[in-house]
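Here is a set of questions and answers on one structure. Keep the viewer open as you read.

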Amino acid sequence: MKFYKIFQYAYLVFAVLFLYDAFTKWEINTTGAYISLGLAALAVFMFFFRRKFGKKFDNRNNSK
């Protein structure tokens, strides 16, 4: 049960890493920077998505 909660925060770690990658690539290759920014946005979206459905899953298991 705690594994998915830990993995959920890994998405935020990846988002920070992709943001760092985007800012370091910005001067050299803007196309690569845009890809990294897109992946960072996807990672943040996945964090909130997993958190929302994780709470629904916990509520359903606790109600039984």
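The turns below go from the whole chain to single residues of this predicted model.

Q: How many helices and how many strands are there in the protein chain?
A: This is a predicted model, so local features need pLDDT of at least 70. The secondary structure of the protein chain has no strands. The count is 2 helices and 0 strands.

Q: What is the radius of gyration of the protein chain, set against the globule rule?
A: For 64 residues the globule rule gives 11 Å. The chain lies well over that, so it is more spread out than a compact globule. The C-alpha trace spans about 55 × 15 × 10 Å along its principal axes. The radius of gyration is 15 Å.

Q: What share of the residues of the protein chain counts as buried?
A: Buried means under 20% relative accessible area. The protein chain has 64 residues. Its exposed surface is about 5200 Å², with 69% from carbon and sulfur atoms. The buried share of the residues is 20%.

Q: Among contacts between residues at least 6 apart in sequence, what share joins residues at least 24 apart?
A: A contact here means heavy atoms within 4.5 Å. The pool is contacts in the protein chain between residues at least 6 apart in sequence. Those joining residues at least 24 apart make up 57%.

Q: What does helix H1 reach from its first C-alpha to its last?
A: Helix H1 covers residues 2-25, which is 24 residues. At 1.5 Å a residue, 34 Å is expected. The model comes close to that, with a reach of 35 Å.

Q: Which residues in H1 are buried?
A: The test is a relative accessible area under 20%. Gln 8, for one, has 6% and counts as buried. The H1 residues listed as buried are Tyr 4, Gln 8, Tyr 11, Ala 15 and Ala 22.

Q: Which residues does Gln 8 touch, not counting residues up to four places away in sequence?
A: Gln 8 sits in helix H1. Its relative accessibility is 6%, so it counts as buried. Beyond its sequence neighbours, it touches Phe 47, Arg 50 and Arg 51.

Q: Which residue forms a salt bridge with Lys 25?
A: The count comes to 1 salt bridge. Both partners lie in helix H1, 4 residues apart, about one turn of the helix. The closest N and O atoms are 3.2 Å apart. The partner of Lys 25 is Asp 21.

Q: Is Asp 21 buried, partly exposed or exposed?
A: Partly exposed runs between the 20% and 50% cut-offs. Lys 25, at 32% relative accessibility, falls in that class. Asp 21 has 24%, so it counts as partly exposed.

Q: Which residues are in contact with Ser 36, leaving aside its neighbours within four places in sequence?
A: Ser 36 belongs to helix H2. With a relative accessible area of 3%, it is buried. Its contacts beyond those neighbours are Phe 18, Asp 21, Ala 22 and Lys 25.

Q: How far apart are the C-alpha atoms of Ala 40 and Ala 15?
A: Ala 40 is in helix H2. It is buried, with a relative accessible area of 4%. Its contacts outside four places in sequence are Ala 15, Phe 18 and Leu 19. Ala 40 and Ala 15 are 25 residues apart along the chain, yet their C-alpha atoms are separated by 4.2 Å.

Q: What is the C-alpha to C-alpha distance between Gly 38 and Phe 18?
A: Gly 38 is part of helix H2. It counts as partly exposed, at 39% relative accessibility. The pair is 20 residues apart in sequence, and the distance in space is 8.7 Å.

Q: What separates the C-alpha atoms of Lys 56 and Val 44?
A: Lys 56 lies in helix H2. Its relative accessible area is 46%, so it is partly exposed. Lys 56 and Val 44 are 12 residues apart along the chain, and their C-alpha atoms are separated by 19 Å.

Q: Which residues make the nonpolar surface patch?
A: The patch covers about 570 Å². One of its members, Ile 35, lies in helix H2, residues 30-63. Ile 35 has a relative accessible area of 52%, so it is exposed. The patch is made by Ile 35, Leu 39, Leu 42, Phe 45, Phe 49 and Phe 53.

Technical notes
Residues are numbered from 1 along each chain as its sequence is written. This is a predicted model: local features need pLDDT of at least 70, side-chain atom pairs count only at pLDDT 80 or more; totals for chains, interfaces and linings use all residues. Side-chain values use heavy atoms; hydrogens and water are left out. The radius of gyration is taken over C-alpha atoms; the globule rule is 2.2 Å times the number of residues to the power 0.38. Buried means under 20% relative accessible area, exposed over 50%, partly exposed in between (1.4 Å probe, protein chains only). Accessible areas come from the Shrake-Rupley method with a 1.4 Å probe; for residues, only the protein chains shown count as cover. The expected span of a helix is 1.5 Å times one less than its number of residues. Patches are made of residues with over 30% relative accessible area and no salt bridge: like charges are joined within 9 Å, nonpolar side chains (Val, Leu, Ile, Met, Phe, Trp, Tyr) within 5 Å. A salt bridge is a side-chain nitrogen of Lys or Arg within 4 Å of a carboxyl oxygen of Asp or Glu.
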